[in-house]
Amino acid sequence: MQTEYHQFCAVARTLDLVGSRWTLLVVRELLLRGPLTGAAIARGLPDIPPNQLAERLADLEAAGLVRRRTEPGRSRRYEATDRGHSLEPVIDALAGFGLEHLAGEPEPDEALLPHVLMRQLELRYDARRGDGEGVDGRFELEIADRDALWSLEPGEPAPRRWAVHATSDRLRIRAGACLDADARLRLTAAACAGLAVGRRPDADEVQVGGDAERAAALLDALAPATPAVAAAA
């Protein structure tokens, strides 16, 4: 990888390594989903040219951020090294900054990636934990129109149900049903995207089953209700 900035500066040196187009998104995929084949990485990066993906992976390997893993009978996979994992707070910081600048709903030409959406919900929750807004509980989140989510598996729809585990200081989400959920929330992909950026869905946009108070507390932890919305609820 050729240095571009020629500065004795930590930021410039970091950008020399990961500043090229698509590079940090390749790292994002490996951190959130890895280890992955090249085809699986590409599935999480709609529109990436195959030659650029190959170049970025080669660059990341050369920098010691990614390594290839070959197992008998399986396709070659890529995974982040320990050094690559050290970029996780950088990715999260960029996402946290970006959450404050997302507005409206996803554009028709913007892929709504399920794993990225759920990570953004986690980051939204975690960023507000210092406000004392956390809640303890287990929840099931159902995306009513899962076809609006980008599928990471060719020919298969994105997961409909997501298990959500909330504590007073963190939120963690994984694909799949939550059999022991305290409450279940059903909403559209667009409403979920709005929640990730702190926009409270209207009451008629969320169907709640189970412990309604705990479900409301989870929504409050992500996007506090305005007085008008709270009064209506």
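Accessible areas here come from the Shrake-Rupley method with a 1.4 Å probe. On that basis the protein chain exposes about 12900 Å². Carbon and sulfur atoms supply 50% of that area. The model is predicted.

**Overall form**

The protein chain has 233 residues. Its radius of gyration is 19 Å. A compact globule with this number of residues would come near 17 Å, so the value agrees with that expectation. Along the principal axes, the C-alpha atoms fill a box of roughly 60 × 45 × 30 Å. The secondary structure comprises 10 helices and 7 strands.

Of the 233 residues, 38% count as buried. Contacts with a separation of 6 or more were also sorted by distance along the chain: residues 24 or more positions apart account for 64% of them.

**Charge**

The protein chain carries 29 positive side chains and 37 negative ones. The centres of the two sets lie 6 Å apart.

**Cysteines**

How many disulfides does the structure hold? It holds 0. Why is there no bond between Cys178 and Cys192? The closest cysteine sulfur to that of Cys178 is in Cys192, and the 15 Å between them is too far for a bond. A disulfide needs the two sulfur atoms within 2.5 Å. Seen from the other side, Cys192 is in no disulfide, and its nearest cysteine sulfur is that of Cys178.

Are these cysteines buried or exposed? Cys178 counts as buried because its relative accessibility is 2%. Cys192 counts as buried too, at 0%. The cut-off for buried is under 20% relative accessible area.

| Residue | Relative accessibility | Class |
|---|---|---|
| Cys178 | 2% | buried |
| Cys192 | 0% | buried |

**Helices H1 and H2**

Helix H1 spans residues 10-18. Its buried residues are Ala12, Asp16 and Val18. Which helices do the buried residues of H1 pack against? They pack against helix H2 (23-33) and helix H4 (50-62).

H2 is mostly covered, with 8 of its 11 residues buried. Among them are Val26, Val27, Leu30 and Leu31. The buried set of H2 also includes Thr23, and the charged residues Arg28, Glu29 and Arg33 belong to it as well. In an α-helix, residues three or four places apart point the same way, because there are 3.6 residues a turn. In H1, Ala12 and Asp16 are both buried. In H2, buried residues include Val26 and Leu30, and also Val27 and Leu31.

Technical notes:
Residues numbered from 1 in each chain as written. Predicted model: local features only at pLDDT ≥ 70, side-chain atom pairs only at ≥ 80, totals over all residues. Heavy atoms only, no water. Helix = DSSP H or I, 4+ residues; strand = E, 2+ residues; numbered from the N terminus. Rg over C-alpha atoms; globule rule 2.2 N^0.38 Å. Buried < 20%, exposed > 50% of the residue type's maximum accessible area, 1.4 Å probe, protein only. Contact = heavy atoms within 4.5 Å. Charge placed at Lys NZ, Arg CZ, Asp CG, Glu CD.
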